Amino acid sequence: KRTKQLCDRIYEENLGVSLFVSGGKPNLITNEVLASMRRAGVMRFSYGIETGSQGMLDGMQKKSTTNQNIVALENTWKNGIAVYANMCFGMPGENHKTISETRDFLISNELTTKSFYNSWGTAYPGSHLYDDIKQKGLIKDAREYLFQIGSTDRVVLNFSDLPDNVLQRRVFELRREVDMAYLLKIKEYRKYFLKLIEII
């Protein structure tokens with residue numbers, strides 16, 4: 001309600017702004033809110049999708065379903081807003097199967113590496129996961145740990161069922177597979193073969 005009121009007011013004031021919104025919760029979004037956001041000047045909306053696996057969503061206590069995520073993406077596109085997704089790998093329970101489910105989700109929703117950002121599972125202070133690993137003694141120095149998690153290009157603590165190198169390689173492969181599937185779908189065969197040559 002508050003978001004809609006704010007967007008309606010921005011539109012009424014005719015501020016002429018372009019807005020980029022991040023951290024959207026798919027289970028809270030409606031067509032009505034999206035329409036008011038678009039009128040207010042929202043050009044891009046980034047959702048915290050995190051994963052294409054329902055089991056992983058439940059484990060993360062996201063309070064959303066893969067179906068709700070799909071509907072939110074579709075409705076955002078329909079309202080003329082560019083969609084981006086934040087994806088997270090390496091949380092507890094992550095394995096080859098869940099990564100494949102995420103890959104399939106990205107492919108079926110035409111999200112390429114240009115429209116999703118991936119990060120590694122991180123235990124932030126205040127979360128149940130942080131309390132759990134601190135209790136297990138995995139964090140020796142909280143201050144040092146906080147400095148380490150500021151870097152998103154590497155796994156700080158791996159909570160998945162896979163070794164670090166396997167997890168990182170599998171996510172690298174997923175990114176390639178998603179892009180190649182999209183190129184084939186839009187019949188960009190030249191770009192597809194160039195990527196294939198890179199791999200070979």
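No disulfides were assigned: the count comes to zero. A disulfide is a covalent bond between the sulfur atoms of two cysteines. The analysis rests on a predicted model. Two cysteines were examined for solvent exposure. C7 has a relative accessible area of 6% and is therefore buried, the cut-off being under 20%. C88 is also buried, because its relative accessible area is 9%.

C88 falls within strand β3, which spans residues 82-89. This strand pairs with β4, and the two run parallel. Five bridges join them. Within the pairing, N86 stands opposite Y117 of β4. Strand β4 comprises residues 116-120. Four of its five residues are buried, so the strand is mostly covered. The connection between the two strands involves helix α5, residues 96-108. Together, β3, α5 and β4 form a β-α-β unit. Its hand is right-handed.

The loop ahead of β3 was considered next. I81 lies in this loop, between α4 (66-78) and β3. I81 is buried, because its relative accessible area is 2%, against a cut-off of 20%. The residue also lies across from a distant part of the sequence. I81 and F45 are 36 residues apart along the chain. Their C-alpha atoms are separated by 6.7 Å.

Open space was then surveyed. Rolling a probe the size of a water molecule over the atoms shows where empty space is left. The largest pocket has a volume of about 660 Å³. Its lining consists of 24 residues. Nearest the centre of this pocket lie M91, T122, Y124, S127 and L129. Helix α3 (54-59), strand β4 and helix α6 (128-135) each supply at least two lining residues. Strand β4 thus takes part both in the pairing with β3 and in the lining of the largest pocket. By class, this lining divides into twelve nonpolar, nine polar and three charged residues.

The second largest pocket has a volume of about 280 Å³. It is lined by 16 residues. T3, I29, V33, M37 and F45 are the closest to its centre. F45 is also the residue whose C-alpha atom is 6.7 Å from that of I81. Four elements give two or more residues to the lining of the second largest pocket: α1 (2-13), β1 (19-24), α2 (31-40) and β2 (42-50). Eleven of the lining residues are nonpolar, three are polar and two are charged.

How values were computed: Residues numbered from 1 in each chain as written. Predicted model: local features only at pLDDT ≥ 70, side-chain atom pairs only at ≥ 80, totals over all residues. Heavy atoms only, no water. Buried < 20%, exposed > 50% of the residue type's maximum accessible area, 1.4 Å probe, protein only. Pairing = 2+ DSSP bridges. Right-handed = clockwise from strand over helix to strand, strands pointing away. 1 Å grid on protein atoms, 1.4 Å probe; cavity = no way out; pocket = protein on both sides within 12 Å on 5 of 7 lines; lining within 4 Å. Points joined across faces, edges and corners; volume = space filled by probe spheres on them. Nonpolar A, V, L, I, M, F, W, Y, C, P; charged D, E, K, R; others polar. Disulfide = S-S within 2.5 Å.
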